[in-house]
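Welcome! Let us take a friendly look at a structure, beginning with the empty space inside and then turning to one residue.

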Amino acid sequence: MSNRRQARECALQSLYYADSNANLSADTISGYTAQFEKELAECFPFYKDLVTGTTQHLAKIDKLVSAYAKNWTLSRMSAVDRSILRMATYEMVFSAEKTPVAAIMDEAIELAKKFSTENSGKFINGLLDQLKKERKK
């Protein structure tokens, strides 16, 4: 597994943790994320950017995901899918210069296949593909 994939998996865990525990303080979340620093070593800044950036832009990200999720609400999505979509949307919209969009989408699909349901990869691919097309206009 590549270091960046491992960083994305850890970021997914952190975003899922934050999403599942809405009443957590920023200090608690920060303490949770600190556990990955030693494990990720040189990829820790990438991981931290994913978690911090997604969290900081959450309202805008949720608005975008909701706009492209035809017949779905955020609350109806599984927490894993929602976290993957949020992280991938952050990368595609707010940090696209760091990673090619195709790589972001591939990584999101692989995360869905590994950590979510049988159909999640297709769902995430469809939504992110729509976002990609609209962002190019």
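To sort residues by class, Ala, Val, Leu, Ile, Met, Phe, Trp, Tyr, Cys and Pro count as nonpolar, Asp, Glu, Lys and Arg as charged, and the others, Gly among them, as polar. Keep in mind that this is a predicted model.

**The cavity**

Rolling a probe the size of a water molecule over the atoms shows where empty space is left. Here, one cavity of 30 Å³ or more turns up, and the largest cavity holds about 40 Å³ of space. Its lining is made by Arg8, Ile84, Met87, Ala88, Glu91, Ile104, Glu107, Ala108 and Leu111. Helix H6 (79–94) and helix H7 (101–115) are the elements that give two or more residues to this lining. How do the lining residues of the largest cavity divide by class, and how many are nonpolar, polar or charged? The table gives the counts.

| Class | Residues lining the largest cavity |
|---|---|
| Nonpolar | six residues |
| Polar | no residues |
| Charged | three residues |

**Serine 120**

Now for a single residue: serine 120 sits in helix H8 (residues 120–136). Is serine 120 buried or exposed? Its relative accessibility is 1%, so serine 120 counts as buried, the cut-off for buried being under 20%.

What surrounds serine 120? Leaving aside neighbours within four places in sequence, serine 120 is in contact with Asp81 and Ala112. The side chains of serine 120 and serine 116 are joined by a polar contact of 2.8 Å. Methionine 77 is 43 residues from serine 120 in sequence, while their C-alpha atoms are 9.8 Å apart in space.

Conventions:
Residues numbered from 1 in each chain as written. Predicted model: local features only at pLDDT ≥ 70, side-chain atom pairs only at ≥ 80, totals over all residues. Heavy atoms only, no water. 1 Å grid on protein atoms, 1.4 Å probe; cavity = no way out; pocket = protein on both sides within 12 Å on 5 of 7 lines; lining within 4 Å. Points joined across faces, edges and corners; volume = space filled by probe spheres on them. Helix = DSSP H or I, 4+ residues; strand = E, 2+ residues; numbered from the N terminus. Buried < 20%, exposed > 50% of the residue type's maximum accessible area, 1.4 Å probe, protein only. Contact = heavy atoms within 4.5 Å. Polar contact = N/O pair within 3.5 Å; in protein donor to acceptor, adjacent residues only side chain to side chain.
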